[in-house]
Amino acid sequence: MTETLTIALSKGRILKDTLPLLAYAGVTPIDDPDTSRKLILDTNQADIKLLVIRASDVPTYVEYGAAQIGVAGKDVLLEHDGTGLYEPVDLKIAVCKIMVAAENGKSIDQPRIRVATKYVKTARRYFASKEQQAEIIKLYGSMELAPIAGLADCIVDLVDTGNTLKANGLSPVEHIADISSRLVVNKAAMKIRHEQIKQFIRQIETAVAKKK
Ligand code: ATP
Ligand code: PRP
């Protein structure tokens with residue numbers, strides 16, 4: 001019998017888009033992840049279990065080997081410190097962009113700006129790369145409020161349709177990175193359980209290609 005493969009999934013938006021890919025790859029949870037209160041879900045494959053956790057915790061579970069495989073947004077991976085992860089497949093789900101946004105008509109072209117974001121490392125790296133001094137203010141949500149309330153000159157946040165920015169009188173001003181969800185794999189597990197993990201990766205790659 002093969003060793004159990006534990007897959008850490010981001011709950012919320014990503015989970016909704018991940019389940020069809022897993023189904024294409026032949027893996028379906030036995031309990032309904034939307035209604036079950038269980039945090040470890042059994043699947044139709046006895047040797048595959050799913051952990052359903054907060055998006056920002058996925059890289060940690062995989063890096064420490066509590067899960068061998070995970071699904072996480074590139075935005076979360078850009079914020080994660082650590083070197084224990086491979087990122088072998090772009091799942092092409094939860095696609096959006098990480099952008100700088102400011103109040104309509106306002107320029108951020110000033111020598112020193114205040115930036116509100118939950119993406120502190122990404123924002124710091126971005127403004128450092130363009131040699132603009134930025135004071136980064138950490139927020140945990142509703143970033144769009146910060147410029148309107150006078151907390152910051154701009155925000156760094158995810159943008160998809162642009163509706164949230166628009167509804168709050170903000171416009172995107174600079175593009176930082178394209179975001180989508182990625183399959184991540186624990187580096188040690190990839191070595192030790194190469195065949196099992198490679199086979200799963202191949203199935204997911206086929207699922208991504210089929211879905212296109
Ligand atoms: P947490 O529970 O850790 O606070 P969250 O509330 O940000 O996470 P979601 O809103 O479900 O959780 O977002 C999870 C992921 O989905 C993000 O990390 C990002 O990769 C992707 N995502 C978020 N917003 C969008 C969007 N508008 N369009 C496409 N993908 C998005
Ligand atoms: C995300 C993100 C933006 C919004 C962008 O929020 O934080 O606020 O989507 O999408 P749009 O450009 O299509 O409007 P989400 O809807 O996930 O809410 P939350 O993260 O605040 O829970």
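These legends accompany several close-up views of a predicted model.

**Figure 1. The whole chain, to get our bearings.** Before zooming in, here is the full predicted model. The protein chain holds 8 helices and 11 strands. Along the principal axes, its C-alpha atoms fill a box of roughly 60 × 35 × 30 Å. Of the 212 residues in the chain, 47% are buried. Salt bridges come to a count of 12, and a few of them appear in the views below.

**Figure 2. Helix α1 and its buried face.** Helix α1 spans residues 13-24, and its buried residues are I14, L15, T18, L21 and L22. Looking down the axis of α1, these buried residues fall within an arc of 125°, so they line one face of the helix. Turn to the other side of α1 and you meet R13 and K16, both exposed.

**Figure 3. A salt bridge between K16 and D17.** Staying with K16, this view shows its side chain meeting that of D17 in a salt bridge, with an N to O distance of 3.9 Å. The cut-off for such a pair is 4 Å, so the contact at 3.9 Å is counted. How exposed are the two partners, K16 and D17? K16 is exposed, with a relative accessible area of 61%. D17, at 24%, is partly exposed.

**Figure 4. K49 and D42 joined by their side chains.** Here the side chains of K49 and D42 form a salt bridge, and the N to O distance is 2.8 Å. K49 is partly exposed, with a relative accessible area of 25%. D42 is partly exposed as well, with a value of 34%.

**Figure 5. E87 and R182, a salt bridge from strand to strand.** The side chains of E87 and R182 meet in a salt bridge, 3.5 Å from N to O. E87 belongs to strand β5 (residues 85-90) and R182 to strand β11 (residues 181-186), so this pair ties together parts that are 95 residues apart in sequence. Is R182 buried or exposed? With a relative accessible area of 15%, R182 is buried, while its partner E87 is partly exposed at 35%. If you widen the selection, you will find the pair in a network of salt bridges that links K74, E87, D90 and R182.

**Figure 6. A patch of positive charge on the surface.** Which residues gather in this patch of positive charge? They are K11, R37, R54, K118 and K138. For a closer look at one of these residues, pick R54, which sits in the loop between β3 (48-53) and α2 (58-63). R54 has a relative accessible area of 56%, which is over the 50% cut-off, so R54 is exposed.

**Figure 7. Y64, in the loop after α2.** Y64 is placed in the loop between α2 and β4 (69-73). With a relative accessibility of 72%, Y64 counts as exposed. Where does R202 lie relative to Y64? The two are 138 residues apart in sequence, and their C-alpha atoms are 23 Å apart in space.

**Figure 8. L151 and a long reach to D31.** L151 is found in the loop between α5 (145-149) and β9 (154-159). L151 has a relative accessible area of 34% and is partly exposed. From the C-alpha atom of L151 to that of D31 the separation is 44 Å, and the two residues are 120 residues apart along the chain.

**Figure 9. Positive phi at E131 and S142.** If you like checking backbone torsions, this view is for you. At E131, phi is near 50°, a positive value in a residue other than glycine. E131 sits in the loop between α4 (120-129) and β8 (133-138) and counts as exposed, at 75% relative accessibility. S142 also has a positive phi without being a glycine, with a value near 45°. Its place is in the loop between β8 and α5. S142 counts as exposed, at 56% relative accessibility.

Definitions and conventions:
Residues are numbered from 1 along each chain as its sequence is written. Chains are lettered from A and ligands numbered from 1 in the order in which they are written. This is a predicted model: local features need pLDDT of at least 70, side-chain atom pairs count only at pLDDT 80 or more; totals for chains, interfaces and linings use all residues. Side-chain values use heavy atoms; hydrogens and water are left out. Patches are made of residues with over 30% relative accessible area and no salt bridge: like charges are joined within 9 Å, nonpolar side chains (Val, Leu, Ile, Met, Phe, Trp, Tyr) within 5 Å. Accessible areas come from the Shrake-Rupley method with a 1.4 Å probe; for residues, only the protein chains shown count as cover. Lys and Arg count as positive and Asp and Glu as negative; His and the chain ends are not counted. The place of a charge is taken as NZ of Lys, CZ of Arg, CG of Asp or CD of Glu. Helices (H or I, at least four residues) and strands (E, at least two) are DSSP runs, numbered from the N terminus. Buried means under 20% relative accessible area, exposed over 50%, partly exposed in between (1.4 Å probe, protein chains only). The arc is that of the directions from the helix axis to the C-beta atoms.
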